[in-house]
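Subject: Structure for you to look at

Hello,

Here is the structure I said I would pass on. Please open it first and keep it in view while you read the notes below.

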Amino acid sequence: MSSLPRLDHVNLTVADLPRTVTFFTSLGLELTERMTIEGEFLDTVVGLHDARTETVWLRPPGGGGALEVSRYDRPGHVLTVPAPPHAVGLRAVCLEITDLRATVARLDDEGYALVGDVGEHEGTWLMAYVRGPEGIIVSLTERIG
């Protein structure tokens, strides 16, 4: 039986890589690596033929689990309707930040709307879901109290 030493990363596939990188770096993640991936390895893992991606790795300051963001150059991306927060599947990417209300206001000014509103959980956390680039739901949390 295998053990789980750590959560390494979460992968997102997007059509507009520069916009997505700008969004997540504005929240404090750092771009740590950029690469093109193609060939037998990628084709085998994703089950496609002649695939090619441009991929970036975004990490929190000081390290930790990463957000891998990929854009498929081949065979191209497939657009889907953004899923509601109660849809089955990966629901949100969660980032702990400081000054949640100011961040939400800034993101709103940039065209990224709240899914619901800012909520407070038992005097310990503020949380808000923001619909980021390409419909990605980003859960922003701030430790309070």
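A good place to start is helix 1, which lies across strand 1, strand 2, strand 3 and strand 4 and runs at about 5° to strand 3. Please keep in mind throughout that this is a predicted model.

The sheet under discussion

The four strands form an open sheet in the order 1-4-3-2, and their pairing is mixed. Which strands are at the edges? They are strand 1 (9-13) and strand 2 (30-38), each of which pairs on one side only. From one strand to the next, the twist averages 20°. Strand 1 pairs with strand 4 (residues 66-74) in the parallel sense, over five bridges. To find this pairing on your screen, look for His 9, which stands opposite Ala 66 in strand 4.

The chain as a whole

The chain has three helices and eight strands. Read from the N terminus, its elements come in the order β-α-β-α-β-β-β-α-β-β-β. The C-alpha trace spans about 50 × 40 × 30 Å along its principal axes. Of the 145 residues, 33% count as buried. The accessible surface of the chain is about 9,000 Å², and carbon and sulfur atoms account for 54% of that area. As for contacts in the chain with a separation of 6 or more, 54% of them are between residues 24 or more positions apart.

The aromatic residues

How many aromatic pairs does the structure hold? There are two. In one of them, the ring centres of Phe 23 and Phe 24 are 5.1 Å apart and the planes stand at 85°, so this pair is edge-to-face. Phe 23 is buried, at a relative accessible area of 2%, and Phe 24 also counts as buried, at 0% relative accessibility. The other pair joins Phe 23 to Tyr 112: the ring centres are 4.7 Å apart and the planes are at 65°, so it is edge-to-face as well. Phe 23 belongs to helix 1 (residues 17-26), while Tyr 112 sits in the loop between helix 3 (100-109) and strand 6 (119-121), so the pair ties together parts that are 89 residues apart in sequence. Is Tyr 112 buried or exposed? Its relative accessibility is 8%, so Tyr 112 counts as buried, because the cut-off for buried is under 20%. Together, Phe 23, Phe 24 and Tyr 112 make up one aromatic cluster.

A glutamate in strand 3

Go back to the sheet and find Glu 54, which lies in strand 3 (residues 52-59). Glu 54 has a relative accessible area of 17% and is buried. Which side chains does the side chain of Glu 54 meet in polar contacts? One polar contact, of 2.8 Å, joins it to the side chain of Arg 34. Another polar contact of 2.8 Å joins the side chains of Glu 54 and Arg 71. Leaving out neighbours within four places in sequence, Glu 54 is in contact with Leu 17, Arg 34, Met 35, Val 69, Ser 70, Arg 71 and Asp 73.

Two residues in strand 8

Strand 8 covers residues 137-143, and Arg 143 lies in it. Arg 143 is exposed, with a relative accessible area of 55%. Apart from neighbours within four places in sequence, Arg 143 is in contact with Glu 96, Thr 124 and Trp 125. Arg 143 and Thr 98 are 45 residues apart in sequence, and their C-alpha atoms are 7.7 Å apart in space.

Thr 141 is also found in strand 8. With 6% relative accessibility, Thr 141 counts as buried, whereas Arg 143 is exposed. Not counting residues up to four places away in sequence, Thr 141 touches Cys 94, Leu 95, Glu 96, Ile 97, Leu 100, Trp 125, Leu 126 and Met 127. Glu 96 and Trp 125 are thus in the contact lists of both Thr 141 and Arg 143.

Regards

Note on methods:
Residues are numbered from 1 along each chain as its sequence is written. This is a predicted model: local features need pLDDT of at least 70, side-chain atom pairs count only at pLDDT 80 or more; totals for chains, interfaces and linings use all residues. Side-chain values use heavy atoms; hydrogens and water are left out. Helices (H or I, at least four residues) and strands (E, at least two) are DSSP runs, numbered from the N terminus. Buried means under 20% relative accessible area, exposed over 50%, partly exposed in between (1.4 Å probe, protein chains only). A polar contact is a pair of N or O atoms within 3.5 Å; within protein, one must be able to donate a hydrogen and the other to accept it, and residues adjacent in sequence count only if both atoms are side-chain atoms. Contact means heavy atoms within 4.5 Å. Rings of Phe, Tyr and Trp (its six-membered ring) pair if their centres lie within 6.5 Å; planes under 30 degrees apart count as stacked, over 60 as edge-to-face and the rest as tilted. Two strands pair if DSSP finds at least two bridges between them. Axes are lines fitted to C-alpha atoms, for helices over the stretch in contact, and angles run from 0 to 180 degrees between N-to-C directions. Accessible areas come from the Shrake-Rupley method with a 1.4 Å probe; for residues, only the protein chains shown count as cover.
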